[in-house]
Amino acid sequence: MVDSIVDGIQTPDERRIHDRSRLIVDVFFDGKDATGVASTKDISVGGLYMNTQLDIPEGSLLLVRIPLSDARQVVCNAEVVYSNPGLGVGVRFQGLSDEARELLENELADV
């Protein structure tokens, strides 16, 4: 077995506490220096990865709107925790309401 912790550093996959699902939808985001639409690569109740060519630095705060089935949507704040300039960003949801968490859980259960 290969130890996934090297010199005390964990890879992003080991740091995640929520399982990610391959739900691909267009996410609308708005931040101080960046606004647009990006497709998701994967998503969980903890956050998501957005494919975008915009350079959005780590620590940036965004308002994200995630459309779901049956004309429902989740709107919440998110912090960029990983940036891969020109390719995408990983964001962690902040202050996700119980209702929004339930909507996401239900949507991801169907994936």
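How many residues lie between β3 and β4 in the hairpin that they form? In this predicted model, three residues separate the two strands of the hairpin.

The chain comprises two helices and eight strands. Read from the N terminus, the order of elements is β-β-α-β-β-β-β-β-β-α. Of the 111 residues in the chain, 37% are buried. The exposed surface amounts to about 7,000 Å², with 48% of that area supplied by carbon and sulfur atoms. For contacts between residues at least 6 apart in sequence, 48% link residues at least 24 apart.

Strand β3 spans residues 26-31 and has pairing partners in β4 and in β6. Strand β4, residues 35-43, is antiparallel to β3, and five bridges connect the two. Within this pairing, F28 is placed opposite V37 of β4. Strand β6, residues 61-67, also runs antiparallel to β3 and is joined to it by four bridges. Here F29 of β3 faces V64 of β6 across the pairing.

The side chains of β3 alternate between two faces. V27, F29 and G31 are directed to one face and are buried, whereas D26, F28 and D30 are directed to the other and are not buried. Thus F29, which stands opposite V64, belongs to the buried set, while F28, which stands opposite V37, does not.

Ring interactions were also examined. The charged end of R65 is positioned over the ring of F28, at 4.1 Å from the ring centre. Aromatic pairs number zero in the structure.

Terms used
Residues numbered from 1 in each chain as written. Predicted model: local features only at pLDDT ≥ 70, side-chain atom pairs only at ≥ 80, totals over all residues. Heavy atoms only, no water. Phe/Tyr/Trp six-rings, centres within 6.5 Å; stacked < 30°, edge-to-face > 60°. Lys NZ or Arg CZ within 6 Å of the ring centre and 35° of its normal. Buried < 20%, exposed > 50% of the residue type's maximum accessible area, 1.4 Å probe, protein only. Contact = heavy atoms within 4.5 Å. Areas by Shrake-Rupley, 256 points an atom, 1.4 Å probe, with all protein chains shown as cover. Pairing = 2+ DSSP bridges.
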